[in-house]
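The following exercises are to be worked with the sequence and the coordinates at hand. Each task is followed by a solution in steps.

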Amino acid sequence: MARILLFTGAATSADVLPSLALLGHQVRSVPAQAEAAVSPPESDLWLLDARSNLLAARTLCRVLAQAAPCPLFVVVDGTGLVALSSEWGFGDFVVSDIGPAELATRLTLALTAVSTSEVITTSGIVIDELAYSAKLHGRALDLTYTEFELLKFLAQNPGHVFTRQQLLSDVWGYDYFGGTRTVDVHIRRLRAKLGPDHETMIETIRNVGYRLAAR
């Protein structure tokens with residue numbers, strides 16, 4: 001059973017996607033507003049009700065696509081299909097009158113793809129190794145190759161303290177001949193990209209090294 005978050009203005013999920021009620025998933029509805037994506041409940045898949053006001057739905061879809069920690073589907077009716085394009089940013093779409101068998105298959109394929117991908121999630125950080133992307137509370141982080149590898153390594157080991165020499169060995173590689181000062185420089189740059197509200201996630205352990213706080 002999947003946890004599905006439905007962004008809609010409809011009274012019930014059955015009004016949006018009747019077949020969904022037949023599949024036994026845990027469905028929770030929230031307003032079709034960007035604010036609902038700020039601190040969303042734990043979910044395996046997001047659905048956006050785009051059956052009406054396609055212009056507003058497209059704008060909201062772009063916002064949700066940046067924030068979504070999981071696959072994002074758009075629900076449209078038959079007449080809305082012509083308005084869909086890659087500019088929306090969704091992962092897939094379904095027509096509102098889709099049958100339960102096809103819907104079950106589409107959802108299963110999306111959820112299976114997520115379970116087999118290399119995604120690291122901790123403390124609001126979501127790192128997709130295959131897509132080589134990193135997000136912090138839904139905000140995409142613009143990282144260099146080394147910054148990405150450093151954040152990924154720390155995120156794989158939250159709460160674990162690493163010396164500068166360990167980080168050089170595991171992130172830069174044993175053949176790196178630079179000094180440990182380069183670790184400090186990259187940590188400083190990485191903190192700046194996390195932003196002032198989140199830079200303390202990477203903690204300095206005096207006379208030892210660094211760690212990503214487990215929160």
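**Exercise 1. A three-stranded sheet**

Thr163 stands opposite Gly209, a residue of β12. The model is a predicted one. Determine the strand order of the sheet to which β12 belongs, and identify its edge strands.

*Solution.*
1. Begin with β10 and β12: 2 bridges join them, and the two strands run antiparallel.
2. Turn to β11 (residues 202-205), which is joined to β12 by 4 bridges, again antiparallel. Within this pairing, Glu203 has Arg211 of β12 as its bridge partner.
3. Examine the connection. β11 and β12 form a hairpin with 3 residues between them, and Asn207 in the turn has a positive phi of about 65°.
4. Assemble the sheet: 3 strands form an open, antiparallel sheet in the order β10-β12-β11. The edge strands are therefore β10 (162-163) and β11, each of which pairs on one side only.
5. Add the helix: α6 lies across β11 and β12 and runs at about 145° to β11.

**Exercise 2. A four-stranded sheet**

Establish which strands stand at the edges of the sheet that contains β7, and which helix packs on this sheet.

*Solution.*
1. The sheet is open, with 4 strands in the order β6-β7-β8-β9 and antiparallel pairing.
2. β6 (119-122) and β9 (139-140) stand at the edges; each has a single partner strand, so one side of each lacks a neighbour in the sheet.
3. β6 and β7 pair over 4 bridges in the antiparallel sense, and Ile120 has Ile127 of β7 as its bridge partner.
4. α4 packs on the sheet and touches β6, β7 and β8. The direction of α4 makes about 115° with that of β7.

**Exercise 3. The surroundings of Ile125**

Is Ile125 buried or exposed, and which residues does Ile125 touch beyond four places in sequence?

*Solution.*
1. Locate the residue: Ile125 belongs to strand β7.
2. Apply the criterion. Buried means under 20% relative accessible area; the value for Ile125 is 0%, so Ile125 is buried.
3. List the contacts, not counting residues up to four places away in sequence: Ile120, Lys135, Leu136, Leu151, Met201 and Leu212.
4. Note one further pair: Ile125 and His137 are 12 residues apart in sequence, while their C-alpha atoms are 6.4 Å apart in space.

**Exercise 4. The largest nonpolar core**

Which elements give two or more residues to the largest nonpolar core, and which of them gives the most?

*Solution.*
1. This core has 26 residues, of which Ile127, Leu150, Leu151, Leu154, Leu167 and Ile202 touch the most other members.
2. The elements that give two or more residues are β7 (125-128), β8 (133-136), α4 (145-156), α5 (164-172), α6 (181-194) and β12 (209-212).
3. α4 gives the most, with 6 residues.
4. Consider Ile202. Leaving aside neighbours within four places in sequence, Ile202 is in contact with Leu154, Ile187, Leu190, Arg191, Leu194, Tyr210, Arg211 and Leu212.
5. Another core, of 20 residues, lies apart from this one; among its members are Leu48, Ala57, Leu60 and Leu64.

**Exercise 5. The buried side of α2**

Explain why the buried residues of α2 are on the same side of the helix.

*Solution.*
1. α2 (residues 54-67) has 14 residues and reaches 20 Å from its first C-alpha to its last, close to the 20 Å expected at 1.5 Å a residue.
2. Ala57, Leu60, Cys61 and Leu64 are buried in α2.
3. These residues cover an arc of only 115° around the axis, which puts them on the same side of α2.
4. The general principle is that an α-helix has 3.6 residues a turn, so residues three or four places apart point the same way.
5. The cover over the buried residues of α2 includes β1 (3-7), β3 (45-49) and β4 (72-76).

Technical notes. Residues numbered from 1 in each chain as written. Predicted model: local features only at pLDDT ≥ 70, side-chain atom pairs only at ≥ 80, totals over all residues. Heavy atoms only, no water. Core = buried A, V, L, I, M, F, W, Y, C linked by side-chain atoms within 4.5 Å. Buried < 20%, exposed > 50% of the residue type's maximum accessible area, 1.4 Å probe, protein only. Contact = heavy atoms within 4.5 Å. Expected span 1.5 Å × (residues − 1). Arc of directions from axis to C-beta. Axes fitted to C-alpha atoms, helices over the stretch in contact; angles between N-to-C directions.
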